[in-house]
Amino acid sequence: MRRRTPTAGLALALFTAVTAVLGATPASAAPIAAVAAAALAAPDISVTNVQAHLTQFNTIATSNGGTRRAGSAGYTASVSYVKSKLQAAGYSVTEQTCTTCTYPASNLIAEWPQGPADQVVMFGAHLDSVAAGPGINDNGSGSATLLENALVLAQQKPTMTQRVRFAWWNGEEQGLQGSKFYVNSLSATQKSYLKAYYNFDMVASPNGGYFINRVTSTTAAPLKAYWDSLGLQPEENTEGQGRSDDYSFANAGIPTSGYAAGASYTKTSAQASKWGGTAATAYDSCYHKACDTTGNINATILDRAADGVAYAIWQLAVGGTPTNDFSVSVSPTSGSVARGGATTATVNTATTSGSAQTVSLSATGAPSGVTVLFSPSSVTSGGSATMTVSASATAATGTYAITVTGTGSTTRSTTYSLTVTGTGGCTGGQLIGNGGFEAGTSPWTATSGVITSAQGQPARTGSYKAWLDGYGSSHTDTLSQSVTLPTGCTSYTLAFWLHIDTAETTSSTAYDKLTVQVGTTTLATYSNLNAATGYTQRSFDLTAYTGQTVTLKWTGVEDALLQTSFVIDDVTLQVG
């Protein structure tokens, strides 16, 4: 069902409430016109696509004992399904393990990497079911609604005035455990960045209604405005008060709202008159039961909820012409180096608003005898660089705050805490030769054609990389280099950047594999299941091989059908 387009009058009336949520102040008629334009631009969310996600959740439950309960194989598979979709769409995706949950498992957090990082609107739904059933309305409906909205946002790539973050929670059915864990993990500053949290729990109940959390609040205004435009006369979600994940955020002082269609409460005669359905009957008679399957979904309510979410996203976070801006961070945020040694960290940048730009990296605050170098020395915002901190034999000992600065259209900086110790005896440095593959094949040993500048897969930096497999037929490629690890150092870190591209369509079977070895010991195995856009840095501690000469080896094995490419770049073995 395609919704009615909200009127300009609706957009004008909504403007004051939206600016209250985001802390903005109207200065002229121009912002009001922008809100009206944003309302018209909000996309129609395909309810067919949302239902396709529900079918996947139902299939996952059927394959895993009929449930997607937190901590179960069904829940893990649900996380994998959502994560793979988001990563393919270009989201920054994080799995946060809830260690205090009854069933420790992952919260899934996905952020669209556009808009100011300190102005965040968040949309969440719990991904787990009860043990008794597959949980398709409770809460596959909320999870699928947010997933499709996230995918449409990524597909349209509109200009963002706010940052949008999505979350799928673990352990809601055990007492909102996943969302509580997440909120408690946030610093005071991170909480201050969250301008509003919107929760979606059971948004397609078969005999459902149209309920909004804190319906009269300014936070609820965009959700209510859309349903009001359809003449639905939404009501306060009294049944859900304190019973879903918005409660975790409200307890932290973060404004909240959200949609719901009702659970075990019964529909009144007045509600049946204005919304349809059956009076004196539960909104969802399959609530927390095995019959909560794809047959337990009201497609009309689901469609209106999904479109209302899109309307809210566009009202709150889309439109305008933000200035180009970026952020800089260092991981880890601190390190230690002995005299005569070196240590590394990764400098990450992100485009926070507007377009990507060139960012030049520099550092200040290093003590006498300490040098800080960046490789590469400049990146396009959204990229990263390796920061190498080296200490001479006479470097000044102590702990120092090094300021890492990115300079582009503006200047952004972060702090790295460095401790220089007086311990000597370590000949530190970077041990891998030709780690970026730009100097030919030496000292690497590789299958013919692996070290290449071919255009089919991009290098992370420079022109050359090591490209293993990618033939779509039975094939094995290898890449190796022998190194000697000196004694007397405190850190031995192997790191490389890996991009995996695949034509395989499975989400469960590892047909093509890349094995990483030191000597005869396997450090890690990756496969077509790990495919994702862009490069990901992988790192390993090789302290156990101190004083030894070892061979580092990557072996890619591809089966007879459908290509998988394992692309490696910027290999380092940093000791210090």
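This passage walks through one helix, two nonpolar cores and a few unusual backbone sites.

The model is predicted, so local features are reported only at pLDDT of at least 70 and side-chain atom pairs only at pLDDT 80 or more, while totals for chains, interfaces and linings use all residues. Residues are numbered from 1 along each chain as its sequence is written, and side-chain values use heavy atoms, with hydrogens and water left out.

A good place to start is helix H4, which spans residues 73-89. Helices (H or I, at least four residues) and strands (E, at least two) are DSSP runs, numbered from the N terminus. H4 has 17 residues and reaches 25 Å from its first C-alpha to its last, close to the 24 Å expected at 1.5 Å a residue; the expected span is 1.5 Å times one less than the number of residues. Buried residues are those under 20% relative accessible area, exposed ones those over 50%, and partly exposed ones lie in between (1.4 Å probe, protein chains only). In H4, the buried residues are Gly74, Tyr75, Ser78, Val79, Tyr81, Val82 and Leu86. They lie on the same side of H4 because they cover an arc of only 160° around the axis, taken from the directions from the helix axis to the C-beta atoms. Their cover includes helices H3 (47-62) and H5 (136-156), together with strands S1 (92-97), S2 (106-111) and S4 (163-169). After H4 comes Gly90, with a positive phi near 105°.

Leu86 appears again in the largest nonpolar core, which has 70 residues; Leu86, Tyr91, Phe123, Phe166, Trp168 and Tyr259 have the most contacts inside it. Such a core is a set of buried Ala, Val, Leu, Ile, Met, Phe, Trp, Tyr and Cys residues joined through side-chain atoms within 4.5 Å. Helix H11 gives the largest share of this core, twelve residues. A second, separate core of 32 residues includes Phe496, Tyr526, Leu552 and Val571.

The backbone also offers some details in its loops. Cis peptide bonds join Ser331 to Pro332, with omega about -5°, and Ser442 to Pro443, with omega about 0°. Pro332 lies in the loop between strands S9 (325-331) and S10 (334-338), and Pro443 in the loop between strands S18 (429-430) and S19 (445-446). The loop between S18 and S19 also holds Phe437, a residue other than glycine with a positive phi near 65°. Phe437 is buried, at 0% relative accessibility. Ala280, also not a glycine, has a positive phi of about 60°, yet Ala280 is exposed, at 66% relative accessibility.

Terms used. Contact means heavy atoms within 4.5 Å.
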